[in-house]
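Q: I would like to learn how to read the pairing of strands in a protein model. Could we work through one together, step by step?

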Amino acid sequence: MVEHVRKAIRAAAKTDLTGLATTGANVFTSRVAPLDATEMPGMFVMLRDERAEWDAVQGKIARIGNLVIEAWDEGGDGLEDKLDRIAAEVEAKIYSRSGALYAMLMNIDAPTTQIALPAGDDASRRIGIIRILFPVTYRTQELDPTTIV
């Protein structure tokens, strides 16, 4: 089966992010179901909103997308602090020059972070979500989107 290089990028990010002190092995790719209580704290790894441009090198395509890390945790007071700890660990791993992800990409730009906290007393579960978008650039062959070049 032919796999787009986006799958390999998600897998590299998952490898780098698995084993963090905050989330442990709860790192998921290509998943649409929400996390359950036994999987929190945990995170999703996604590559979204990609656009492509002809690269300066003939026959190559530069691809720019958002690597999205979405972490979930459940709790009451201090939930925002817990999400910030997760974000600190994620950012350190994403920018690590020794990581699998860093070796695949041409560039990892500065992140954008969004935090959603439970609202009101009617929330049946107190789940907070932090979403970190890292603009990333990588290059493929014009006729082969399955291999990083």
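Q: Which residue in β6 does Ala62 stand opposite?

A: Keep in mind that this is a predicted model. In it, Ala62 stands opposite Arg139 in β6. That pair can be read alongside the pairing of whole strands, since β3 (residues 60–74) and β6 (residues 127–141) run antiparallel and are joined by 15 bridges.

Q: Which sense, parallel or antiparallel, do β4 and β5 take when they pair with β6?

A: Strand β4, residues 107–108, pairs with β6 in the antiparallel sense over 2 bridges, and Ile108 stands opposite Val136 there. Strand β5, residues 112–116, also pairs with β6 in the antiparallel sense, over 5 bridges, with Ile132 of β6 as the bridge partner of Thr113.

Q: What joins β6 to β7?

A: A hairpin does, passing through 2 residues. The strands β6 and β7 (residues 144–148) run antiparallel and are joined by 2 bridges, and Thr140 stands opposite Ile148 in β7.

Q: How should I picture the side chains along a strand?

A: In a regular strand the side chains alternate between the two faces of the sheet.

Q: How many helices and strands does the protein chain have, and in what pattern do they follow one another?

A: There are 3 helices and 7 strands, and along the sequence they follow the pattern α-β-β-β-α-α-β-β-β-β. To see how far apart in sequence the contacting residues lie, consider contacts with a separation of 6 or more: residues 24 or more positions apart account for 60% of them.

Terms used. Residues are numbered from 1 along each chain as its sequence is written. This is a predicted model: local features need pLDDT of at least 70, side-chain atom pairs count only at pLDDT 80 or more; totals for chains, interfaces and linings use all residues. Side-chain values use heavy atoms; hydrogens and water are left out. Two strands pair if DSSP finds at least two bridges between them. Helices (H or I, at least four residues) and strands (E, at least two) are DSSP runs, numbered from the N terminus. Contact means heavy atoms within 4.5 Å.
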